[in-house]
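Hello,

Here is the structure I promised to pass on to you. Have a look at it first, and then read on for what I found in it.

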Amino acid sequence: MPTLSPFRALRYDESAGPLAALVAPPYDVIGPEQRQALLEGDSHNIVHLTLPESPQAAAEALAAWREEGVLREEEPALWWIEQDYTGPDGIERMREGIAGSIEATPYSAGEVLPHERTHEDVKEARLEIVRATQTQLEPIFLLYEGDPPVSRPDRDPDLEAEEGGVRTRVWRLPPQEIELPGPLLIADGHHRYETAVAFRKENPEATHTFAVLVSTRSPGLEIFPTHRVVPDLDVGPDAMMTSTWDKEALAFYCQGNFFRVDSDDELDAREVDRYASEFEYTPNAQEAIEAVDSGLFEAAFLVRAPTVEQVAAFAKRGETMPSKSTFFYPKLTSGVLLFPL
């Protein structure tokens, strides 16, 4: 069974200022303009490390922050993570997880399973930063089956920050090791996990990496759809016109009309791949519809999100899903806790 272990977290000291000014979204969802705004907003924002000018610049900044007391190292612990958010569907939810250390093992070991493909250039870029900083700067988001083995402490949180409309609160837990039913499923952070495995090959003592584990039974765990907008169709689907968007099936929107696409494929995202080779993506259905109405795109496919059970089944079969098949929201906020190697 995979084991979740305590770790010596790096965290911002209170003297560094409000945590909300120091945290950021994960590196892979930050565009150039937002990156620049975060860099300019605070000289100690985590983006100086996660999206630096160079790996060496990240290493120098991290060393300086530790020396100056901007970042401090904690005693070994696990951490309870709680995120309050409003989803793209407008519903308020709370998602809970446990932050800790897990062994970075190859997928072939069967302890951690992927569901998405990764890109070599992205992994190499992340690996260069890990080599330079000797730190895992952002956690991997993992899922496990079963009820949480511990509960949230009945006291005020140790850390709290709001970023992008998501409130993250963190409580220190006792430094105990917890066995969890495996295999663990990567919800988000495939590149980060594979980078940790690669770094371990280079540095055999770096056996573990940083993760937040969320139970598949967490009431706030939700996968949202990522809709597709198509500049040019390769072939039109065999579809039946409907008066409105039929949310019980894969929907097609073109020339101001909605259509229902009946499919034998269990995954809408894979069905859509039959009709076009180029897409743009949005989690907002209204944005997809407006993109077509503007004349910039020929059509939109309004997909249904896969269930957690479907994602797990793909992973256990060793299959990968098409790009943007899953949208686990919210992302884990970066900069709350760091993992020194």
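Let me begin with a cavity lining that carries no charge: in the second largest cavity there are 7 nonpolar, 3 polar and no charged residues. Please bear in mind throughout that this is a predicted model. That second largest cavity encloses about 90 Å³ of space. Its walls are formed by Ile 81, Gln 83, Pro 139, Thr 168, Phe 210, Val 212, Leu 332, Thr 333, Val 336 and Leu 337. Two strands, E4 (78-86) and E13 (208-215), each contribute at least two residues to this lining.

How many cavities of 30 Å³ or more does the structure hold? There are 5.

The largest cavity has about 110 Å³ of space. If you want to find it on your screen, select Arg 126, Ile 129, Val 130, Thr 133, Thr 135, Gln 136, Leu 137, Glu 138, Arg 192 and Thr 195, which line it. At least two lining residues come from each of helix H4 (120-133), strand E7 (135-136) and helix H5 (190-202). Helix H4 has the largest share, with 4 residues. By class, the lining of the largest cavity has 3 nonpolar, 4 polar and 3 charged residues.

Now to the helices themselves. The axes of H4 and H5 come within 9 Å of each other and cross at roughly 55°. That angle makes H4 oblique to H5. The crossing of this pair is right-handed. On the H4 side, the contact uses Val 122, Lys 123, Arg 126, Leu 127, Val 130 and Arg 131, and these meet His 191, Glu 194, Thr 195, Ala 198, Phe 199 and Glu 202 of H5. Taken by class, the residues of this contact are 5 nonpolar, 2 polar and 5 charged. You will recognise some names from the largest cavity: Arg 126, Val 130 and Thr 195 are among the residues that line it, and they also take part in the contact of H4 with H5.

H4 also packs against another helix. The axes of H3 (residues 55-68) and H4 come within 8 Å and cross at roughly 35°, and this crossing is right-handed too. Here Pro 55, Gln 56, Ala 58, Ala 59 and Leu 62 of H3 touch Glu 128, Ile 129, Ala 132 and Thr 133 of H4. The make-up of the H3 and H4 contact is 6 nonpolar, 2 polar and 1 charged. Ile 129 and Thr 133, which belong to this contact, are also found in the lining of the largest cavity.

Just past H4 there is a backbone detail to look at. Gln 134 sits in the loop between H4 and E7. Its phi is near 55°, a positive value in a residue other than glycine.

Next, the open spaces. The largest pocket has about 1,000 Å³ of space. Of the 35 residues that line it, Asp 28, Val 29, Asp 188, Lys 324 and Lys 331 lie nearest its centre. Strands E12 (184-188), E19 (280-282) and E21 (327-328), together with H5, each give at least two residues to the lining. H5 gives the most, with 3 residues. The whole lining of the largest pocket divides into 15 nonpolar, 12 polar and 8 charged residues.

The second largest pocket has about 400 Å³ of space. It is lined by 16 residues, and Asp 89, Phe 224, Pro 225, His 227 and Trp 245 are those nearest its centre. Its lining has 9 nonpolar, 2 polar and 5 charged residues.

Where do cis peptide bonds occur? One joins Gly 182 and Pro 183, with omega at about 0°. Pro 183 lies in the loop between strand E11 (178-179) and E12, and E12 is one of the elements that help line the largest pocket. Another cis peptide bond joins Tyr 329 and Pro 330, again with omega at about 0°. Pro 330 belongs to the loop between E21 and strand E22 (339-340), and E21 likewise supplies lining residues to the largest pocket.

If you open just one view, I would suggest H4, which meets H5 and H3 and gives the largest share of the lining of the largest cavity.

Enjoy looking through it, and write back with any thoughts.

Best wishes

Methods
Residues numbered from 1 in each chain as written. Predicted model: local features only at pLDDT ≥ 70, side-chain atom pairs only at ≥ 80, totals over all residues. Heavy atoms only, no water. 1 Å grid on protein atoms, 1.4 Å probe; cavity = no way out; pocket = protein on both sides within 12 Å on 5 of 7 lines; lining within 4 Å. Points joined across faces, edges and corners; volume = space filled by probe spheres on them. Nonpolar A, V, L, I, M, F, W, Y, C, P; charged D, E, K, R; others polar. Axes fitted to C-alpha atoms, helices over the stretch in contact; angles between N-to-C directions. Parallel < 35°, antiparallel > 145°, perpendicular 65-115°, else oblique. Left-handed = near helix turned anticlockwise from the far one by under 90°. Contact = heavy atoms within 4.5 Å.
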